[in-house]
Amino acid sequence: MLKLGIIGTHIITDRLLAAAKQSGEYRLTTVYSRHMARAEEFGKQYGATGFYDSLEEFFANGDFDVVYIASPNSIHYEQVRLAIENDKFVIVEKPAFVNPHEFKEVTRLLAAHPKARLFEAARNIHTPLFKAVQKKIKQMKFGGATLNIMKYSSRIDKVYEGTKPVPNIFNPEFAGGAIEDLGVYGINMIVALYGKPDSVNYLPMMLPTGVDGNGVATLTYGSKSVNIVVGKTSNNYLGTEFYGGRDTVWLDNAINLRRGIYYDDDKQAHPFDVKVANNDMIYELQDFAEIMNNLKDADNEARYQKWLQLAEDVNQVTYDLRQSCDLTFPADTNY
Ligand SMILES: NC(=O)c1ccc[n+]([C@@H]2O[C@H](COP(=O)([O-])OP(=O)(O)OC[C@H]3O[C@@H](n4cnc5c(N)ncnc54)[C@H](OP(=O)(O)O)[C@@H]3O)[C@@H](O)[C@H]2O)c1
């Protein structure tokens with residue numbers, strides 16, 4: 001069983017730990033928090049025995065094989081860097097990094113630390129429903145896609161009220177905003193299905209905090225386009241469509257995939273007969289465990305390299321989208 005360390009003690013880590021337990025592949029041993037009391041309070045519920053409030057000591061002395069990092073986006077890079085330097089396996093939440101400079105440096109570090117591995121936790125693309133959709137789309141012509149990814153954020157009211165400090169997810173210091181937080185799921189799907197686009201454009205609607213509350217992203221492939229409507233200021237229910245020409249694949253949701261339908265040339269509906277677990281983080285955890293448990297397997301290495309390349313391409317596309325509209329973060333100016 002893989003020994004697990006965690007960074008970040010918010011809700012998503014609870015969810016990850018529930019999936020980790022369900023998978024039977026991971027055992028939480030070690031917790032880092034900025035506050036020792038929090039590390040202990042959070043970790044003891046899950047049976048952890050090692051607690052740290054120093055990152056350096058966490059990595060140097062913590063008894064774990066793999067670290068799950070769920071801190072604010074702009075902090076991932078420094079934490080991943082330390083993890084790789086200590087030869088750990090790393091599962092980092094999406095978006096893995098803020099810009100290609102960070103990604104390039106991480107790639108260099110991975111080459112220097114061959115025992116380390118890096119996985120981006122883009123949970124949607126590891127679900128069995130996405131894998132079934134991917135198989136179907138391979139048989140279809142490419143006619144573009146429309147993705148609707150809008151979710152009213154539990155923290156947006158604080159922005160409207162002008163509450164300070166600004167919630168991390170709406171703070172440019174932490175590389176928050178709609179395209180980084182939610183758009184990245186859609187970009188993962190699209191790049192996994194069709195590769196990198198020829199060109200991109202993003203029209204953001206800015207919040208007073210300096211991040212995009214919502215926006216419309218266009219990814220162009222030849223004469224076809226993929227349009228992503230993304231936002232943290234409303235809920236939408238339109239779902240996502242991948243076009244083949246006469247035929248279409250419809251998905252109920254681009255993040256929490258539950259139902260999918262293939263509409264054939266005669267407009268007949270063929271639902272995908274695939275169930276997705278309520279806690280869909282289990283699929284990425286199973287995929288990653290398979291790699292970490294069988295490092296020498298050539299197929300696993302190929303799958304790992306494919307995911308790493310996908311993460312890098314998604315990082316570049318997300319950055320290019322922000323560049324297209326001069327949406328920059330302090331983390332971009334470190335280079
Ligand atoms: N896969 C998913 O479905 C999903 C869902 C939600 C979020 N996420 C991703 O998970 C990551 C965390 O998101 P979140 O909403 O949980 O973030 P968050 O609440 O802002 O912070 C997460 C954790 O990071 C630590 N932290 C907070 N502020 C910090 C700071 N200024 N400096 C250093 N550490 C800090 C805190 O842990 P301590 O107090 O213990 O140090 C906190 O519990 C993001 O990358 C996000 O995109 C993924």
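**Legends to the close-up views**

**View 1. The second largest pocket.** H10 gives the most to the lining of the second largest pocket, with 6 residues. The model shown here is predicted, so to speak of local features takes pLDDT of at least 70 and side-chain atom pairs count only at pLDDT 80 or more, whereas totals for chains, interfaces and linings use all residues. Residues are numbered from 1 along each chain as its sequence is written, and side-chain values use heavy atoms, with hydrogens and water left out. About 350 Å³ of space lies in this second largest pocket. Its lining has 17 residues, and those nearest the centre are Gln134, Ala192, Lys306, Trp307 and Leu310. Helix H6 (128-138), H8 and helix H10 (298-323) are the elements that give two or more residues to this lining. Sorted by class, the lining holds 6 nonpolar, 4 polar and 7 charged residues.

*Terms for this view.* A pocket is an open set of points on a 1 Å grid over the protein atoms alone, with protein on both sides within 12 Å along at least five of seven lines; a cavity is a set where a 1.4 Å probe fits but cannot get out; lining residues have an atom within 4 Å of a point. Points are joined across faces, edges and corners, and a volume is the space filled by probe spheres set on them. Helices (H or I, at least four residues) and strands (E, at least two) are DSSP runs numbered from the N terminus. Ala, Val, Leu, Ile, Met, Phe, Trp, Tyr, Cys and Pro count as nonpolar, Asp, Glu, Lys and Arg as charged, and the others, Gly among them, as polar.

**View 2. The crossing of H6 and H8.** The axes of H6 and H8 come within 10 Å and cross at roughly 40° (axes are lines fitted to C-alpha atoms, for helices over the stretch in contact, and angles run from 0 to 180 degrees between N-to-C directions). That angle makes H6 oblique to H8; under 35 degrees would count as roughly parallel, over 145 as roughly antiparallel, 65 to 115 as roughly perpendicular and the rest as oblique. The crossing is right-handed, the near helix being turned clockwise from the far one, while left-handed means anticlockwise by less than a right angle. Look for Phe130, Gln134 and Ile137 of H6, which meet Met189, Ala192, Leu193 and Tyr194 of H8, where contact means heavy atoms within 4.5 Å. This contact has 6 nonpolar residues, 1 polar and no charged ones. Gln134 and Ala192 will be familiar from the pocket in View 1, where they are among the residues nearest the centre.

**View 3. H5 alongside H10.** The axes of H5 and H10 come within 9 Å, with a crossing angle of roughly 160°. The two helices are therefore roughly antiparallel to each other. H5 passes H10 in a left-handed crossing. From H5, the contact uses Pro100, His101, Phe103, Thr107 and Leu110; from H10, it uses Tyr304, Leu308, Ala311, Glu312, Asn315, Gln316 and Tyr319. By class these are 7 nonpolar, 4 polar and 1 charged residues.

**View 4. Two enclosed cavities.** There are 2 cavities of 30 Å³ or more. The largest cavity holds about 60 Å³ of space, and its lining consists of Glu120, Ala122, Ile125, His126, Asn188, Phe288, Trp307, Leu310 and Ala311. H10 gives the most to that lining, with 3 residues, and the class split is 6 nonpolar, 2 polar and 1 charged. The second largest cavity has a volume of about 40 Å³. Around it sit Pro95, Ala96, Phe97, Phe103, Glu120, Glu180, Val184, Ala311, Val314, Asn315 and Thr318. Here too H10 gives the most, with 4 residues. Glu120 and Ala311 appear in the linings of both the largest and the second largest cavity.

**View 5. Loops with backbone features.** The peptide bond from Lys94 to Pro95 is cis, with omega near -15°. Pro95 lies in the loop between strand S5 (89-93) and helix H5 (100-112), and is one of the residues lining the second largest cavity. A cis peptide bond is also found from Lys164 to Pro165, with omega near -5°; Pro165 is in the loop between helix H7 (156-161) and H8. Asp87, in the loop between H4 and S5, has a positive phi of about 60° although it is not a glycine.

**View 6. The largest pocket.** The largest pocket has a volume of about 1,600 Å³. Of its 49 lining residues, His10, Ile12, Arg155, Ile169 and Asp181 are the closest to the centre. Helix H1 (11-23), helix H4 (76-85), strand S7 (145-150) and helix H8 (178-194) each supply at least two lining residues. The lining has 19 nonpolar, 19 polar and 11 charged residues.
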